[in-house]
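Reader: I should like to request a close look at a single part of this model, followed by whatever else in the structure helps to place that part in context.

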Amino acid sequence: MADHLHESVRAGRGIVAAPHHLAVEAGRAVLEEGGNALEATLAAAAAIAVVYPHMTQIGGDGFWLIRDPKGRVGYIEATGYAGAKATQAFYRDRGHDVIPPRGPLAALTVPGQIGGWQLALETAAALGGRMPMRRLLEAAIGHARAGVPVSASQHRLTQEKRAELAPVPGFAETFLDAEGKVPEPGARLRFERLADTLEHLGRAGFDDYYRGDVGREIAADLERAGSPVTREDLTAYRALRREPLKLKLANMELWASPPPTQGLATLIILGVFERLGVAAPEGFAHLHGLIEATKRAFLIRDRVVTDFDHLTRDPAAFLTPAALAREAAAIEPRQAAPWPHPARRGDTVWLGATDQSGITVSYIQSIYWEFGAGLVLPATGVLMQNRGTSFSLDPRARNPLMPGRRPFHTLNPGMAQLADGRVVAYGTMGGEGQPQTNAAVVSRYAMFGVPLGEAVARPRWVLGRTWGSDLVNLRVEGAIDSAVAEALERAGHDVEVLPDAYSDMMGHAGAVVLHPEGAGVEGTHDPRADGGAAGV
């Protein structure tokens, strides 16, 4: 990434942003043919599940925030639950004190993502969408059949994780070359079974993934591999509509995904930060304020966030003016609070789209770690997530493993409406970094008036473990002002300045904006990723 200004893309009718250029093009083409923003997001989501398989595929989970033309914001939770056989005894009997992070035993939750696509498709139709489902899957199927050029990040992560993933059933055949080597960047990988599956779903409907031929094949392959997910688990699964979390600040209203995601953390960070009275971006006060607000938010998150059906506290109770003021008062303006705290990891893609009708979408989907469980099912080509490894085998834990329970999710799409009428959909990948990056982007753009492209591209930081790292200190990109980094260190932050000016360790963020009164749309995606934004 260069040091120069990173400009956003402006358009008249609609725009889509994603972390891979082929997914961007799939969504843009749908907009050009008259599809709405939700249909464009579905096309981009399907395409990216093929072209960015180390980050997302069709064996993962997803979360949607959807704003309709009347300004109502809806939420779709598409996260699967632990399988019927996924008991603590199941793992203990096999000699495990923790859930294995890779392989069939890591594939212990139903993939919810396709159920979310189904509800999103129904919503798109209710909002006037007329695109046939087969058209929305067209780019994904075409790329899977013709072959996908291996991206630099896929090459690097395959190289890094090869030793642990190569023995997992299906991985080597799918993601290594004929000699068992890591494909070079630009080499083409074909996914014929995945193409067949997507083509079948295009004809039979997304429901078939759970209750039809595809579901039967998935279940049979999971059983043969030794996964605790059963055919009955798939048959019973449905994605859900819930009310999003909401927060009103002085100059904007914010929406976020409720538990089991960490959307609560994003809202707490921004709510606490607003009360610190910081006057300008990028200085010590801005970074220190957001970092300290992050610590307050993570402590609450780790006490509260679990499966929605198992909550013991109302998340909204932590978003009241009194609660946020209490947290802000606990922050020392020149002194870092003690850290580290246990951190969470995860890999993800965020996609966003908006159109002139007023439909705006913030969507995030994931297989959790890079390549998920690593388990590729032979009949369908589905790569299974390992999201269930975030469960604990300690029955006293906040998120203990039990059949039917949904795991904790780092994923959290965001949406905001500013006082002047602008609607912003935003999000990122990056585990612990997601709420922090969301807060950095929103504070820059919505509180300090930084241009959209710059708000995403400017140097970032992350506290705690994130994509590709097990460290829990405060890492800052090399491009951050050295005087600010030194001031953070003097305040007691455990600062590590990264050797790279810009690093994809900071996640891949993006945003789209619907401007009011026919002033068009705008979008940007992180120059740290392989994508961008395009409109019509």
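In which loop is R94 found? Please begin there, and then proceed to the aromatic rings, the nonpolar cores and the backbone.

Author: The model is a predicted one, and the values below are computed from it. R94 belongs to the loop that runs between α3 (88–92) and α4 (113–126). Its relative accessible area is 46%; because buried means under 20% and exposed over 50%, R94 is classed as partly exposed. Along the chain, R94 and L105 are 11 residues apart, and their C-alpha atoms are separated by 9.9 Å. The side chain of R94 has an aromatic partner: its charged end sits over the ring of F90, 3.8 Å from the centre of that ring. An arrangement of this kind also involves R301, whose charged end sits over the ring of F298 at 4.0 Å from the ring centre.

From a charge over a ring one may turn to rings beside rings. The structure holds 12 aromatic pairs. One of them joins Y210 and Y237, with 5.2 Å from centre to centre and 40° between the planes, a tilted geometry. Y210 lies in helix α10 (residues 208–211), whereas Y237 lies in the loop between α12 (231–236) and β7 (240–242), so the pair ties together parts that are 27 residues apart in sequence. Y210 counts as buried, at 1% relative accessibility, and Y237 is buried with a relative accessible area of 1%. Another pair, F273 with F448, is edge-to-face, with centres 6.3 Å apart and planes at 85°. This pair links distant parts of the chain, 175 residues apart: F273 is in helix α13 (residues 263–274), and F448 is in the loop between α16 (433–447) and α17 (452–457). With a relative accessible area of 2%, F273 is buried. Beyond single pairs, Y81, Y209, Y210 and Y237 form one aromatic cluster.

Y209, a member of that cluster, also leads to the nonpolar interior. The largest nonpolar core has 88 residues, and the members touching the most others are V50, I58, W64, W117 and Y209. Helix α2 (residues 37–51) gives the most to this core, namely 13 residues. When neighbours within four places in sequence are left aside, V50 is in contact with A140, H143, A144, V148, F191, L194 and L198. There is also a second, separate core, of 58 residues, which includes L270, V272, L324 and L452. In soluble globular proteins, nonpolar side chains tend to be buried together.

The backbone remains to be described. Most residues other than glycine have a negative phi, and most peptide bonds are trans. The peptide bond from P259 to P260 is cis, with omega near 20°, and P260 is found in the loop between β9 (252–256) and α13. Y368 is not a glycine, yet it has a positive phi of about 80°. Y368 belongs to strand β11 (residues 360–368) and is buried, with a relative accessible area of 7%. E517, likewise not a glycine, has a positive phi of about 55°. E517 is placed in the loop between β17 (509–514) and β18 (521–525), and its relative accessible area of 85% makes it exposed. The two residues with positive phi thus stand in contrasting surroundings, because Y368 is buried whereas E517 is exposed.

Notes
Residues numbered from 1 in each chain as written. Predicted model: local features only at pLDDT ≥ 70, side-chain atom pairs only at ≥ 80, totals over all residues. Heavy atoms only, no water. Core = buried A, V, L, I, M, F, W, Y, C linked by side-chain atoms within 4.5 Å. Buried < 20%, exposed > 50% of the residue type's maximum accessible area, 1.4 Å probe, protein only. Helix = DSSP H or I, 4+ residues; strand = E, 2+ residues; numbered from the N terminus. Contact = heavy atoms within 4.5 Å. Phe/Tyr/Trp six-rings, centres within 6.5 Å; stacked < 30°, edge-to-face > 60°. Lys NZ or Arg CZ within 6 Å of the ring centre and 35° of its normal.
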